[in-house]
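Biologist: Could you take me through the side-chain contacts in this one? I'd like a close look at just that part, told as one connected story.

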Amino acid sequence: MKRQLEIRAAEGGEDSKLFVTDLARAYQRLAQRVGWTARLIDQRPGECSLLIQGTDLLGLDNEPGGHRIQRVPPTERKGRVHTSTVTVAVLDPSIAQTAIQDRDLRVEWYSGTGAGGQYRNKHQNSCRITHVPTGIQATAQCRSRENSYTEARAAIEQRVLGAHTAQVMGQRARDRRDQVGSGMRGDKRRTYRFQDDTVQDHVTGAKSRASAVMRGYFEALWR
């Protein structure tokens, strides 16, 4: 089983960006504790993505949403408590390879057109393949039927996969938006109050110590 965790800074400026890194480390510690693997696959200022692999990852479904942080940031010189937010999305990283079945293909043969010699133009060696479920087409005009079919089949597979990938990625973007909400301070899944060493999950109602959660002990907040 695999899950991709995307953590992004929302409100709060620099401390929001710092907490993205802090939270990513906490998830890595969770993975290490329970025997999962956590690999950093993307990191940039204010954004981080982890690929989590292991068995029984369902607990991670408790993580998506806005995470509000109240603490004295490491960069704060006057000891003031700042409030900021980050968002967490938990996504399926796989893009299923859509299998193309022969029964879904309509193959048509026709004479070639244009430059290329009389042989190709007089013989029905040009191939048009239609993927019936999607209406996607590919054509190839070669001197032999075998080459035309091979070329057209490779093209249709690439185009169908591309369309399928775009559809899956679009669904993932919608899932991400649904999970993270607005990212505003009032739209929150969880609140970390480091001055009190507490974390409250506003969905499950569970509470835990912030210091424990940041060491990777998230389970106390889950359903």
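**Side-chain contacts, one by one**

Modeller: Let's start with Asp 196, which is partly exposed because its relative accessible area is 41%. Bear in mind that this is a predicted model. The partner of Asp 196 is Arg 193: their side chains meet in a salt bridge, 2.4 Å from N to O. Arg 193 has a relative accessible area of 30%, so it is partly exposed. There is also a salt-bridge network, in which shared partners join Asp 15, Asp 22, Arg 25 and Arg 71.

Arg 71 is a handy bridge to the aromatics. Its charged end sits over the ring of Phe 194, 5.8 Å from the ring centre. Phe 194 in turn belongs to one aromatic cluster with Phe 19 and Tyr 192.

How many aromatic pairs are there? Taking ring centres within 6.5 Å as a pair, the count is four. One of them is Phe 19 with Phe 194: the centres are 6.0 Å apart and the planes meet at 70°, so this pair is edge-to-face. The cut-off behind that call is over 60 degrees. Phe 19 is in helix α1 (residues 14-34) and Phe 194 is in the loop between β9 (190-193) and β10 (198-201), so the pair links distant parts of the chain, 175 residues apart. Are the two rings buried or exposed? Phe 19 has a relative accessible area of 0%, so it is buried, whereas Phe 194, at 27%, counts as partly exposed.

Helix α1 turns up again with Tyr 27. The rings of Tyr 27 and Phe 218 have centres 4.7 Å apart and planes at 15°, so here the pair is stacked. Phe 218 is in the segment after α4 (210-213), which puts the partners 191 residues apart, again linking distant parts of the chain. Tyr 27 and Phe 218 are both buried.

Another arginine has a ring under its charged end: Arg 145 sits over the ring of Trp 109, 4.3 Å from the centre.

Back to the salt bridges, of which the structure holds 14. Glu 108 and Arg 128 form one of them, with the closest N and O atoms 3.7 Å apart. Glu 108 lies in strand β6 (residues 105-110) and Arg 128 in strand β7 (residues 126-131), so this contact also links distant parts of the chain, 20 residues apart. Both ends are partly exposed: Glu 108 has a relative accessibility of 29%, and Arg 128 has 24%. Another salt bridge joins Glu 6 and Arg 8, whose closest N and O atoms are 3.4 Å apart. In that one, Glu 6 counts as buried because its relative accessibility is 7%, while Arg 8, at 33%, counts as partly exposed.

What about disulfides? A search of the whole structure finds zero. Take Cys 127: its closest cysteine sulfur is in Cys 142, 9.2 Å away, so a bond is ruled out as too far. A disulfide would need the sulfur atoms within 2.5 Å. Looking from the other side, Cys 142 has its closest cysteine sulfur in Cys 127. Both residues are buried, with Cys 127 at a relative accessible area of 0% and Cys 142 at 14%.

Notes. Residues are numbered from 1 along each chain as its sequence is written. This is a predicted model: local features need pLDDT of at least 70, side-chain atom pairs count only at pLDDT 80 or more; totals for chains, interfaces and linings use all residues. Side-chain values use heavy atoms; hydrogens and water are left out. Rings of Phe, Tyr and Trp (its six-membered ring) pair if their centres lie within 6.5 Å; planes under 30 degrees apart count as stacked, over 60 as edge-to-face and the rest as tilted. Helices (H or I, at least four residues) and strands (E, at least two) are DSSP runs, numbered from the N terminus. Buried means under 20% relative accessible area, exposed over 50%, partly exposed in between (1.4 Å probe, protein chains only). A charge sits over a ring if NZ of Lys or CZ of Arg is within 6 Å of the ring centre and within 35 degrees of the ring normal. A salt bridge is a side-chain nitrogen of Lys or Arg within 4 Å of a carboxyl oxygen of Asp or Glu.
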